[in-house]
Amino acid sequence: LGGFDPAFFMYGEEADLCARARKLGARPLFTPYAEIVHHGGASEPVRALKMQKLLAAKALLVRRHWHPATQPLGLALLALWPLSRALALRLADALRGRCEHDAASACWREIWRGRRNWLAAYGTAAEAAATIR
């Protein structure tokens, strides 16, 4: 496989390795018995920034491993994910008449507002703009 792809920073490495292995005929497997200890949040203390980096990695996975005909749909759905979360949390609060999810909704709105950056993080701004128009 040639090792880890340096384009993936912190998120998406294992999915990229599995996709590349599959293209070479391997059948990557996951095991419920493996144990990884990650000291939660130590690598990325701000949730919005973590999610933007995670979404940038997912956008790169779509660009690298999806068929070109399906990439625009994949990127558009990825771009809509933060918006749907923010709207769902606001709707839940409105229906309950409480503001339980203000912080989470604000976080997802911030992620949504940064979509041009994370969609283009590993591509071009033009690609990102075309995806979300």
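This passage walks through the fold, the core, the charged pairs and the cysteines of a predicted model.

Start with the overall layout. The protein chain folds into six helices and zero strands, so a plain α-α-α-α-α-α run describes the order of its elements from the N terminus on. Of the 133 residues in the chain, 32% count as buried.

Helix H2, spanning residues 47-65, is a handy place to begin. With 19 residues at 1.5 Å a residue, H2 should span 27 Å, and its end C-alpha atoms do sit 27 Å apart, which agrees. Plenty of H2 side chains are tucked away: the buried residues include Ala-48, Met-51, Gln-52, Leu-55 and Ala-56. Further along the helix, Ala-57, Ala-59, Leu-60, Leu-61, Val-62 and Arg-63 are buried too. Arg-63 and Arg-64 make a nice contrast, with Arg-63 buried and Arg-64 partly exposed at 38% relative accessibility.

Now for the core. The largest nonpolar core holds 16 residues, and Trp-108, Ile-111, Trp-118 and Leu-119 have the most contacts inside it. Four helices chip in, with H2, H3, H4 and H5 (115-120) each supplying at least two residues. H2 gives the largest share, six residues.

Trp-108, one of the residues with the most contacts in that core, also turns up in the aromatic count. That count comes to one aromatic pair. The partners are Trp-81 and Trp-108, with ring centres 5.4 Å apart and planes at 50 degrees, a tilted arrangement. The tilted label follows because 50 degrees falls between the cut-offs of under 30 degrees for stacked and over 60 for edge-to-face. Trp-81 belongs to helix H3 (residues 71-96) and Trp-108 to helix H4 (residues 102-113), so this pair ties together parts that lie 27 residues apart in sequence. The two rings differ in cover: Trp-108 is buried, with a relative accessible area of 2%, whereas Trp-81 is partly exposed at 28%.

Another tryptophan has a charged partner. The ring of Trp-112 has the charged end of Arg-115 sitting over it, 3.6 Å from the ring centre.

Helix H3 also contains a proline, Pro-82. At 0% relative accessibility, Pro-82 counts as buried. Gly-114 is 32 residues away from Pro-82 along the chain, yet their C-alpha atoms are separated by 10.0 Å.

On to the salt bridges, of which the whole structure has four. One of them pairs Arg-64 with Asp-5, the closest N and O atoms being 2.2 Å apart. Arg-64 lies in helix H2 and Asp-5 in the segment before helix H1 (13-23), so the bridge links parts that are 59 residues apart in sequence. Arg-64 has a second long-range neighbour in Ala-19, which is 45 residues away in sequence and 9.3 Å away in space, C-alpha to C-alpha.

Two more salt bridges centre on Glu-100. Its side chain meets that of Arg-98 at 2.2 Å, N to O, and Arg-96 also forms a salt bridge with Glu-100, the closest N and O atoms being 3.6 Å apart. Where do these three residues sit on the scale from buried to exposed? Partly exposed is the verdict for Arg-96 at 44%, for Glu-100 at 41% and for Arg-98 at 46%. Through shared partners, salt bridges join Arg-96, Arg-98 and Glu-100 into one network.

Finally, the cysteines. A disulfide is a covalent bond between the sulfur atoms of two cysteines. A search of the whole structure turns up zero disulfides. What about the surroundings of Cys-99 and Cys-107, buried or exposed? Cys-99 is exposed, with a relative accessible area of 60%, because anything over 50% earns that label. Cys-107, at 13% relative accessibility, counts as buried, because the cut-off for that class is under 20%.

Technical notes
Residues numbered from 1 in each chain as written. Predicted model: local features only at pLDDT ≥ 70, side-chain atom pairs only at ≥ 80, totals over all residues. Heavy atoms only, no water. Expected span 1.5 Å × (residues − 1). Buried < 20%, exposed > 50% of the residue type's maximum accessible area, 1.4 Å probe, protein only. Disulfide = S-S within 2.5 Å. Phe/Tyr/Trp six-rings, centres within 6.5 Å; stacked < 30°, edge-to-face > 60°. Lys NZ or Arg CZ within 6 Å of the ring centre and 35° of its normal. Core = buried A, V, L, I, M, F, W, Y, C linked by side-chain atoms within 4.5 Å.
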